[in-house]
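Student: I am new to this structure. Could you take me through the terms used for it?

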Amino acid sequence: MGKTQKEGLTSLEKKWVLYDVANSAFTLMVSTLIQIFFHDTAVKAGVSEPNTVAYWNYAGTICTLLVVFLGPVFGTLADRRRIKKQLFILTVTVGAGCCLLLGASENWILFIILFVIAKVWYQVSLIVYDSMLNDVTTDERSDSVSSYGFAFGYIGSVVPFIGCLVLYVLATLGKIPVSDLTAMRISFAITALWWFLFSLPLIREYRQIRFETAGEQDSNGFREFFRSVQDLAKTNRKALYFIIAFFFYIDGVYTIIDNASIYAKSLGLASTGLLLALLVTQFVAFPCAIITGKMAKKWGSEIVVTVCILGYTGIAILAFFLTNQFQFWLLCVLVGLFQGGIQALSRSYFARIIPKEKSGQYFSIFDIFGKGASALGGLIFGGVTSLTGDQHIGIAPIVGFFIIGLILFRKSCATPSSVTPGDEA
């Protein structure tokens, strides 16, 4: 990619950003209507409130285990010439297709099985998508492009979500001749179509630039994956410290996001109020993600990510003491302040410190460590909540994960890079 455009985004960068808009609609649905649908369906079937929380988090753990299996295979294949686009098309099609089928079942067990399949392919699509970053932009622009991706993902996902929310509210008020559960099923279809259609511009224009040569490739995806892990541990200490730090601090981020709706239910917040509160998070996150990208350009992503980790530590502490709905609204605003920055800058920071021709393999490590953290956090949160019947106690261990993550991230920042900066894409 040439140097002709110093300000704004290039055409390819815009189309890459657009996939954040596409997949974020599913992300927002997972943290809102899907949780509510599962909660209401399971409770109606006789499942207790604590076990509903536990089963939801166990499903997240199963998702992670499946991604651990599929991630190395897809990550290795993505580094081969002219394969990355085909893998991207496959993951998007299967993920969006399963999302479309979510409303087909009234049985909570079948519903959660379909959800697991949809989320697994969604997560695998992100491995391929994130590894595209080194093909669509340069190291100097990666913080900004990654931040724009998350920023427009937040605001773009709001468009179908508002339509789904209006449909759901009208159904609950009896203003339209459908039930609230039927409205949710229609919302799943809207989200699936949004996800697929907004993926098409990137699919049409993307061309893979960086890849391994035939002599460097291993036909065994798992063997190549573990070889990449060994290389990271032996030759790239900076990336090693970072990926372990990422495992810990992103644990808290995903655990808080994934359990927001169920957590709010325990405070007596009605479904409509909950959806509006989470909508506020998206609107706050949009400008804040862009601002953190500009801050990273001025002060460095190391400083900004440190601030974001500290911010999330405070959020976890507030969640522990959460007792009323006003505090939950405050929590949603604070999450919006830091969520985009910590995700976007973690992605671009990692992209800069890894070998560009092995981005698929390394981003499969990145995603597995990130989702592994989510599974561990969800397992701890769900397990402690199920045992004690108190979600406040369940969130307490997450504070420690942020502290460990901060210490290791600062260690990464202090370690010299062993990767030679790549040429501009």
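Student: How do you know which contacts join distant parts of the chain?
Tutor: A contact means heavy atoms within 4.5 Å. Of the contacts in the protein with a separation of 6 or more, 85% are between residues 24 or more positions apart. This is a predicted model, where local features need pLDDT of at least 70, side-chain atom pairs count only at pLDDT 80 or more, and totals for chains, interfaces and linings use all residues. Residues are numbered from 1 along each chain as its sequence is written, and side-chain values use heavy atoms, with hydrogens and water left out.

Student: What makes a residue buried, and what share is buried here?
Tutor: Buried means under 20% relative accessible area (1.4 Å probe, protein chains only). Of the 425 residues in the protein, 59% are buried.

Student: What makes a space a cavity, and how many are there?
Tutor: On a 1 Å grid over the protein atoms alone, a cavity is a set of points where a 1.4 Å probe fits but cannot get out. The count is two cavities of 30 Å³ or more. The largest has a volume of about 830 Å³, the space filled by probe spheres set on the points.

Student: Which residues line the largest cavity?
Tutor: Lining residues have an atom within 4 Å of a point. There are 46, and Thr27, Tyr254, Ile257, Gln339 and Gln343 lie nearest the centre. Helix H15 gives the largest share, nine residues. Helices are DSSP runs (H or I, at least four residues), numbered from the N terminus.

Terms used
1 Å grid on protein atoms, 1.4 Å probe; cavity = no way out; pocket = protein on both sides within 12 Å on 5 of 7 lines; lining within 4 Å. Helix = DSSP H or I, 4+ residues; strand = E, 2+ residues; numbered from the N terminus. Buried < 20%, exposed > 50% of the residue type's maximum accessible area, 1.4 Å probe, protein only.
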